[in-house]
Amino acid sequence: MSFDRENFFELLELSVEPPENDPKVIEEAIKKKQAQWSRFRNHPTKGIQAKKFIGLLPEIRRVMLDPELRKEEVKDALSQQSAKAEEKFVSVDRHLAIQMSKGYITDEEVAKLAQLHGLPEKDIRDRIARKEAEKFAEIDKQIGVRLAKGYVTEEEIAKIARAHGVEVEAVRRRVTGPVTKEGEAAIPVGKGLETTIARAIEDNLSILGLSSLYEFLEVEANASLKLLHKKAHLKQSEISKISKKDAAVTASTILVGHCIAIFKSEESRASYDISRAKSQLKDLNADIDIAGMDGKLRTEYVTTLVQSAAKYGMDEEEALAYIRRYAADKGWTLEGEEKKARKLVGGRDPRKVLIAAGAALVLILAAVLSFSFYRHARSLERAYNAAVESSAAQKTLEGQLKVLSDYVKSTKPNKHTAKAEEAIAGLSSRIEKRDFDAAQKSAGAAAAANRFEEAVAAFESFLAKHPSGSLTGRAKKMIDTYRASTDERDYRALAAMGMKDVDSRMAAYVGYLKKYRKGAHREEVKKLIWDTAEEFYLSLKKQIDAYAEKEQWDKAIALCDTYVALFDNPRSVELGKLSENYKTYQKEALYYDRLVKDAAAKGDDLDAAEQVYRDFLQAYPGTSVQKKVEARLAEIAARKESRKQAGTADKVRAEMARGGRFSAGRSGTVTDRRTGLTWTTLDSAMEGRSCMDYDTARKYAAELRTGGYSDWRLPTPAELKAIYKAQPAFPSWNTDMFYWSSKSYRAFTDQWVNVVEVVTPVGSASGETRESTRCGLVHAVRP
Amino acid sequence: MTKQMKRIFGIDLGTTYSSIAYVDDFGKAVVVPNAENQNVTPSVVFFDGPNIVVGDVAKESAKLYPNDVVSFVKRSMGEPDFLFEHDGKSYRAEEISSFVLRKVAQDAEAHLGEKVTDVVITCPAYFGINEREATKIAGEIAGFNVRQIINEPTAAAIAYGSTESSDDKVVLVYDLGGGTFDITMIHIQPDAIEVICTGGDHNLGGKDWDDRIVANLVEEFHAQTGSKEDILEDPDTCQDLQLSAERSKKILSQREKTPISITHGGERVKVELSREKFEAITNDLMERTIALTHDMLSEAKKKGYTRFDEFILVGGSTRMPMVVNRIKEDFGIEPKMFAPEEAVAKGAAIYGWKLSINDSLIERLQRKIGKKVQKMEDLAKVDARHVEEAAREVAAETGYTLPAVKSSMVKVRDVASKSFGVLATNAQNEEVVVNCILRNTAVPVEVTQEFYTAVENQKTVLIRIMESETSDENVPPDHSREIGTAVLHLPPGLPEDTPVIISFTLNKEGRLHLTAVESSEQRKVEVVIETLSVIQGEELREAKARAQNLVVH
């Protein structure tokens with residue numbers, strides 16, 4: 001996997017091998033980088049890059065703190081470190097280059113190349129197209145190189161055309177600068193851009209991964225000034241529309257500014273083209289800089305430089321001219337020229353000398369390539385014999401093979417090569433045969449023990465070692481055979497599972513299907529699965545219900561989804577719906593949790609907490625958590641109640657503590673100094689009992705053992721009135737409740753009923769009665 | 001100053017320099033000098049051990065302690081991942097800005113002998129929701145009651161409108177500051193100051209001109225010494241060059257050339273920078289301001305404004321001769337330089353003064369007519385006699401002239417600097433941003449638009465609120481920025497295509513509110529946009545607590 005961005009391990013400077021996996025270390029590294037980038041945010045030249053990295057931070061966190069994504073990132077880092085994917089095509093390219101050097105390539109040749117490399121013809125054609133594109137890119141580059149001096153001559157154009165086997169006109173069309181004839185009066189040579197500007201453009205282009213302003217504006221390098229101008233303004237309004245001002249947009253904004261400024265006139269545009277050409281020669285210039293460190297260029301350096309100039313498509317003459325101009329700009333002298341300059345009086349052009357030097361070098365190189373065969377014929381024979389001897393002396397076949405291959409690799413092809421290659425082929429096939437036999441032996445043993453996987457592995461490792469030998473086909477066949485045996489064995493095991501529980505059977509069936517994507521028994525196993533569908537459903541449903549009961553929605557959902565993934569029948573529809581419901585419940589459970597947290601956050605403010613729940617019920621009626629919410633509400637109500645009670649009890653105690661009318665008696669009792677009666681401190685409601693009818697009230701009083709007394713009774717109406725109505729009265733919070741008295745009678749309203757005299761702490765002072773079936777409180781008294 | 005009027009200060013919180021102003025007893029806006037007796041204070045913060053130093057001293061310290069000094073934080077306002085680390089503590093742009101605010105306010109307090117409590121702070125018109133919120137929070141961390149955030153060009157126009165004759169005219173305010181560029185068209189009328197259109201780039205300012213000089217100095221150093229070292233890697237050199245660059249830029253506004261010396265690693269290189277060269281290496285930056293100006297003008301044309309009367313230059317960077325020259329060349333009008341460094345703070349102060357006079361006017365009027373007057377806009381409905389009378393009373397009581405008091409009734413109308421909309425799916429089933437409030441519409445504004453549910457029985461609608469730069473009604477999602485979300489819960493059983501009505505309200509301060517109503521049962525959700533890129537919650541509380549214990553020097 002490869003990403004279109006910096007690798008995060010590299011960006012954070014974390015170890016890739018072994019990969020850094022400690023989240024703490026990673027978080028530390030991120031923090032460190034964040035601080036560093038923030039500091040660079042307004043750096044004069046690195047600001048935009050820092051902004052880009054800052055913008056990447058959320059992504060960095062997301063990827064680097066997730067184990068799975070991080071693994072991908074490691075892979076990417078490794079693959080970036082060893083980018084060798086293109087290697088395969090190297091030899092194809094070389095052959096293509098040879099075929100195409102004549103300027104064209106025939107269909108027949110394409111077909112032959114395809115056959116030779118075992119590739120489809122299309123791949124070869126794609127390659128050719130790429131070569132063509134590269135050729136024109138190369139032509140552009142060479143034009144650029146020559147344009148660096150400010151203009152291009154007709155001769156140079158012709159030369160480039162010749163070198164690439166294209167029409168002169170095709171080259172001329174691609175020239176963006178002035179064209180002149182050699183020797184013509186020097187036209188005003190354009191100067192490049194200010195280096196500061198050129199650098200700013202280059203830096204911002206590199207942020208976008210582009211190489212030129214033309215590419216930035218998406219036009220050809222030879223587009224008209226008018227088009228460029230228009231494109232620049234279009235780009236400007238396009239970019240200003242983007243709201244996310246990330247580094248890329250910022251870089252684009254800056255580049256648009258440059259485009260507008262540069263593509264205003266032909267003159268400034270030519271300056272840009274020249275700067276661009278110059279920057280292509282950056283490496284060469286750096287080389288020249290090194291060579292000229294002491295203020296002059298030695299002859300031997302010049303020859304080396306001429307060689308490196310060849311990489312840019314310059315011939316010796318051009319290279320020399322370029323180097324000389326460069327040196328002159330820097331105020332350096334060329335050593336060779338200095339001396340020869342004196343001889344110039346004799347009419348010799350110093351340039352010729354240098355050209356001669358360059359040419360001689362080229363000649364020597366050519367000689368090395370083409371004549372070595374003859375020169376070393378004898379020594380070749382000796383080398384071959386030595387290789388054969390040394391090979392024979394090796395103990396292992398591999399050793400022998402290596403010696404011979406090394407020989408072939410290290411020597412140029414000669415008449416002995418074929419012999420050596422023949423020997424190599426012989427050795428290879430012996431090795432292959434030996435390995436095959438070994439594989440067969442160990443596979444046979446494994447298969448006998450029913451361990452077919454090992455047998456397959458034996459041949460697979462054979463194949464890994466000999467991917468395209470003469471025995472490959474047989475090995476593959478063996479693998480197929482053993483795979484089939486494994487399939488058969490596993491299927492039998494499945495069929496024999498009849499008695500096992502349905503879950504493990506289903507797991508085994510599914511496992512089989514997964515393992516044998518082309519298994520021989522897939523249809524049978526599928527049928528087994530279908531046959532087991534209902535049984536599996538019943539088993540699952542039971543478990544699902546159990547989880548649902550416990551509100552473990554995620555587990556329930558997982559089980560539903562398991563079934564749905566396997567089947568498409570009414571049951572799967574049913575479970576699918578169930579799963580949906582559970583997902584809703586799960587979400588609602590989450591809401592509920594949050595609700596409880598919100599309510600808890602209200603702390604002691606029970607009214608606010610209650611409001612939180614009420615708001616929820618109003619906003620989401622009929623959810624699965626309704627009951628729970630209602631329970632919470634009831635709980636809050638109870639807490640409010642008990643808080644009220646606690647308040648009253650406090651009041652009672654405060655009253656007693658004041659030492660007025662009421663004084664504390666034995667624990668839980670209070671004595672009324674005015675009447676001498678002993679009362680329970682808390683009435684039945686404050687004790688936590690709900691209200692009760694008259695019969696229950698009497699029983700409650702009789703069974704009270706508060707303070708160790710057993711003679712509690714219901715008070716008379718007069719006694720009740722005496723504590724609740726005569727000031728200072730006994731504190732009470734039950735403003736809407738009444739207390740049962742001991743006095744009752746029967747009365748007729750529409751039927752005969754028991755009527756009891758009662759006292760309500762607030763309200764009228766006399767004559768209150770209630771039917772005995774009503775619900776009232778008890779405040780017991782003794783004796 | 002009378003008792004019942006609260007003094008509201010205006011603060012120009014700039015990228016490179018900040019300043020504070022107030023309206024004196026004669027109704028005139030005055031910039032208050034800082035402790036160093038300068039009208040502007042560098043927006044630079046120096047963490048000197050436990051002390052926090054702001055201003056010139058901090059800026060000069062940058063050379064010696066480059067790692068303890070932070071500047072240009074305004075460019076990172078609203079950037080969630082910008083963190084300045086010092087001594088194990090991280091500071092957000094808001095908090096660092098609050099130190100600058102405290103410094104200018106503190107110095108003003110010392111100078112005037114009066115507490116600064118209420119402030120109006122300015123920000124570039126081009127700031128979006130997040131950046132504005134961040135600016136307000138910076139003020140709150142500094143402990144102020146931030147009465148309003150107003151746009152810098154609007155402030156400049158207020159200052160300009162209050163000094164010039166109050167004819168009806170259309171002006172362009174070209175505001176090139178230390179870090180931001182704003183271009184705004186403003187219609188100044190006798191009774192109103194109205195922003196027509198605004199544009200700009202909040203990453204384009206004097207600093208970019210400085211940076212070019214820095215880059216050029218590096219090239220020169222390389223050329224003269226033959227070294228290829230990136231001398232900016234050295235924080236001392238980097239800071240030193242930045243300071244020299246700013247200084248040379250200022251000199252080049254007066255002279256044709258300036259000598260600069262570069263010292264690095266024991267080597268000393270002398271460079272002469274000419275104005276011509278300076279202009280050559282910054283030409284593209286200048287071009288960008290011109291291109292943005294043209295963009296804004298064509299926007300204004302759509303609103304029927306096809307001419308302007310004056311071209312006003314605000315912001316220190318407009319002192320560069322190339323600005324005046326280039327504008328003359330392109331627009332054929334002689335631009336007017338108007339108190340480049342002070343106009344914004346003064347305008348903010350005048351605006352604050354209007355707010356407080358308005359407060360007392362409204363209070364009086366309420367007493368007179370016996371009913372509530374919410375804002376100045378409501379004055380139109382009140383009997384003119386009452387207004388006149390109230391103004392007379394306020395004038396008598398405060399000592400300001402009657403025209404001055406009346407001028408406080410001038411209305412200030414601004415426009416939205418961004419478009420706001422929601423992410424929706426169009427008929428082709430592609431995601432698209434539907435803009436409800438278009439850029440450059442007058443604020444406050446409320447816009448209501450109908451959307452439809454996508455499927456039958458849809459339970460929720462996720463409303464994703466997007467900000468974008470164009471005034472187009474439909475914008476592709478990757479051209480806009482998500483600034484908040486809201487969830488609307490729908491009752492069950494709604495058919496497909498049930499209308500959902502979304503209303504956007506953008507108030508005067510550029511704050512966005514959103515209401516969504518599902519039409520069948522009138523269910524609604526109301527949200528204040530949570531600005532994600534701004535310091536908030538626990539972090540904000542911590543910053544505020546920290547601010548109370550800090551002394552700024």
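The paragraphs below walk through the fold of chain B, its cores and its contact with chain A. The model is predicted, so local features were taken only at pLDDT of at least 70 and side-chain atom pairs only at pLDDT 80 or more, while totals for chains, interfaces and linings use all residues. Residues are numbered from 1 along each chain as its sequence is written, with chains lettered from A and ligands numbered from 1 in the order in which they are written.

Chain B contains twelve helices and 29 strands (DSSP runs numbered from the N terminus, helices being H or I of at least four residues and strands E of at least two). Of its 553 residues, 49% are buried (20 or more other C-beta atoms within 10 Å of the residue's own, against 12 or fewer for exposed and in between for partly exposed, with C-beta atoms placed from the backbone).

An open sheet of mixed pairing is built from seven strands of chain B, in the order β18-β17-β12-β13-β14-β19-β22 (two strands pair if DSSP finds at least two bridges between them). Its edges are β18 (336–337) and β22 (442–443), each with a single partner strand, so one side of each has no neighbour in the sheet. Within this sheet, β13 (residues 181–189) and β14 (residues 192–201) of chain B are antiparallel and share nine bridges, with B:H187 opposite B:E194.

Strand β27 (residues 499–506) of chain B offers a handy view of two faces: B:V500, B:I502, B:F504 and B:L506 lie on the covered one, and B:P499, B:I501, B:S503 and B:T505 on the uncovered one. In a regular strand the side chains alternate between the two faces of the sheet. Antiparallel to β27(B) runs β23 (residues 445–452) of chain B, joined through eight bridges, and B:E446 faces B:T505 across this pair. Seven bridges link β27(B) with β28 (residues 512–518) of chain B, also antiparallel. These two strands form a hairpin with five residues between them, where B:G510 in the turn has a positive phi of about 80°.

The largest nonpolar core holds 142 residues, with B:I11, B:V45, B:A348 and B:A349 making the most contacts inside it (a core is a set of buried Ala, Val, Leu, Ile, Met, Phe, Trp, Tyr and Cys residues joined through C-beta atoms within 7 Å). Helix α9 (residues 343–369) of chain B is the main contributor, giving eleven residues.

Finally, 30 residues of chain A and 36 residues of chain B take part in the contact between the chains (residues are in contact if their C-beta atoms, placed from the backbone, lie within 7 Å). On the chain A side, α13(A) gives the most, with six residues.

Conventions
Two residues are in contact if their C-beta atoms, placed from the backbone, lie within 7 Å.
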